[in-house]
Amino acid sequence: MSLKDYKLSYVLLCVIGLAAMFSTSLVNPLLSIFAKEIGAVGVMIGFSVAGYWVARVLLEIPSGFISARYGYYWPMLLGLVLTTLGTFWNAFVTDPYQLIFARALQGLGAPLFFAVSMTFIVNMFSAEKRGAAMGLFQGIEFGGSILGSTFSGYIITALGFQGGFFLSTGLCAIAVLLLAIPPNVRHESSTMPKIPAMKLSSLPKVFKNKILIIVSFATLMEFVLSSGVIYTIYPLFAKENLGMSLTDIGLIMGARSLGYVIAMLIMGSIADRIGRKPVLLFGMASTAIMAVVLNFASGIFMTAAVLFCIGITTGAIWIVCPVIAAEAVEPENRGAAIGTYRTFFDLGSIFGPIIMTYIMGAYGITTCFYLSAVLLAIAFVPCLKVEETKKIGTVVVH
């Protein structure tokens with residue numbers, strides 16, 4: 001699509017997403033190290049990371065009902081406000097339990113913004129343009145991950161963790177102002193054709209949708225790797241076993257984010273042209289392989305290169321799965337479908353850090369890489385059953 005195909009409300013939402021993700025990524029790549037510094041040990045490190053996701057899972061599906069009832073604007077605004085407050089609270093925590101609750105407040109806000117904004121964009125574009133629009137939105141949004149992850153080590157080294165949380169709070173507050181003051185998103189939300197409110201009786205039909213189950217399971221396994229291994233285990237391993245500084249860790253995590261954003265920018269358009277399934281299968285198979293390769297990486301350049309490749313392969317999964325999930329159900333149930341899909345990656349982000357910190361302590365970090373690869377391979381098999389019809393953007397299960 002050309003730039004003229006994008007409304008100002010869409011462009012503004014992209015900028016807001018960029019600021020929100022920049023805020024989140026300033027400290028997150030080093031969060032397991034922070035948790036250990038304030039007294040977390042073993043599996044408690046995993047719980048400290050997972051607290052955010054435990055809260056998120058509570059509102060992923062309800063966010064679809066909320067947006068159907070109140071529109072898209074007010075839930076997104078509330079979500080950003082809660083995230084800002086939770087981020088500010090993080091600056092004052094002194095033990096792992098406080099960290100869990102502060103991150104839980106952030107987690108309550110996340111689905112109200114991120115899940116609702118995804119549904120908002122899905123309904124803003126037609127099927128033949130939806131993949132590219134979602135890819136660009138998430139590519140710009142996760143551009144914040146490049147900035148945050150890359151400079152996280154520098155920021156924390158210069159300002160300390162508390163200063164990093166303060167800066168993160170400021171960025172999130174900017175996102176709130178960008179949504180609250182300009183009228184574009186608010187106006188677009190009010191003029192968008194009203195979708196019938198979802199009914200609880202429709203949920204069983206959504207939950208039984210085979211396509212939705214397949215892509216949700218694939219996403220679950222991918223986030224066990226991403227949250228459990230890459231964002232929880234690997235920073236500790238890089239610091240304590242590979243001897244990397246916080247700055248080095250930030251740079252290699254930035255390389256992963258860069259690959260992720262590149263995938264977001266190109267994979268949506270590719271999926272619109274060749275179909276969702278080939279992109280999904282590429283992402284699943286390649287990520288499983290790269291998870292094993294990461295086990296053998298050493299040195300900042302080799303590690304950064306492997307994580308960059310993992311960013312591309314996981315980005316391929318992430319860009320097509322929400323589109324497939326939304327297209328698998330009727331328009332009035334898209335909020336519930338995206339909420340269900342996001343619930344599964346929240347579950348992966350809950351179980352991943354907890355399981356992988358336990359596995360690392362009991363069997364060593366090498367087992368974590370192989371286990372995540374096996375889980376991805378298992379999820380790859382049902383993805384083979386998803387077949388595309390001749391209609392663009394529509395999938396069926398054979």
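## A buried ring to start from

Let's begin with Phe 345, which is buried, at 2% relative accessibility. Keep in mind as you look around that this is a predicted model.

Phe 345 has a ring partner, and that pairing is one of the 19 aromatic pairs that the structure holds. The partner is Phe 223, and the two rings are stacked, with 4.6 Å from centre to centre and 20° between their planes. An angle under 30 degrees is what counts as stacked, so 20° places this pair in that class. Where do the two residues lie? Phe 223 belongs to helix H10 (residues 210–240) and Phe 345 to helix H14 (residues 334–363), so their contact ties together parts that are 122 residues apart in sequence. Phe 223 is buried too, with a relative accessible area of 9%.

## A second pair from helix H10

Next, have a look at Tyr 234 and Phe 369. Their ring centres are 6.2 Å apart and the planes meet at 70°, so this pair is edge-to-face. Tyr 234 lies in helix H10 and Phe 369 in helix H15 (residues 365–383), so the pair ties together parts that are 135 residues apart in sequence.

Are these two rings buried or exposed? Tyr 234 counts as buried, at 1% relative accessibility, and Phe 369 is buried as well, its relative accessibility being 1%.

## The wider cluster

Back to the stacked pair: Phe 223 and Phe 345 also belong to a cluster linked by ring pairs. Its other members are Tyr 52, Trp 53, Trp 318 and Tyr 341.

Conventions:
Residues are numbered from 1 along each chain as its sequence is written. This is a predicted model: local features need pLDDT of at least 70, side-chain atom pairs count only at pLDDT 80 or more; totals for chains, interfaces and linings use all residues. Side-chain values use heavy atoms; hydrogens and water are left out. Rings of Phe, Tyr and Trp (its six-membered ring) pair if their centres lie within 6.5 Å; planes under 30 degrees apart count as stacked, over 60 as edge-to-face and the rest as tilted. Helices (H or I, at least four residues) and strands (E, at least two) are DSSP runs, numbered from the N terminus. Buried means under 20% relative accessible area, exposed over 50%, partly exposed in between (1.4 Å probe, protein chains only).
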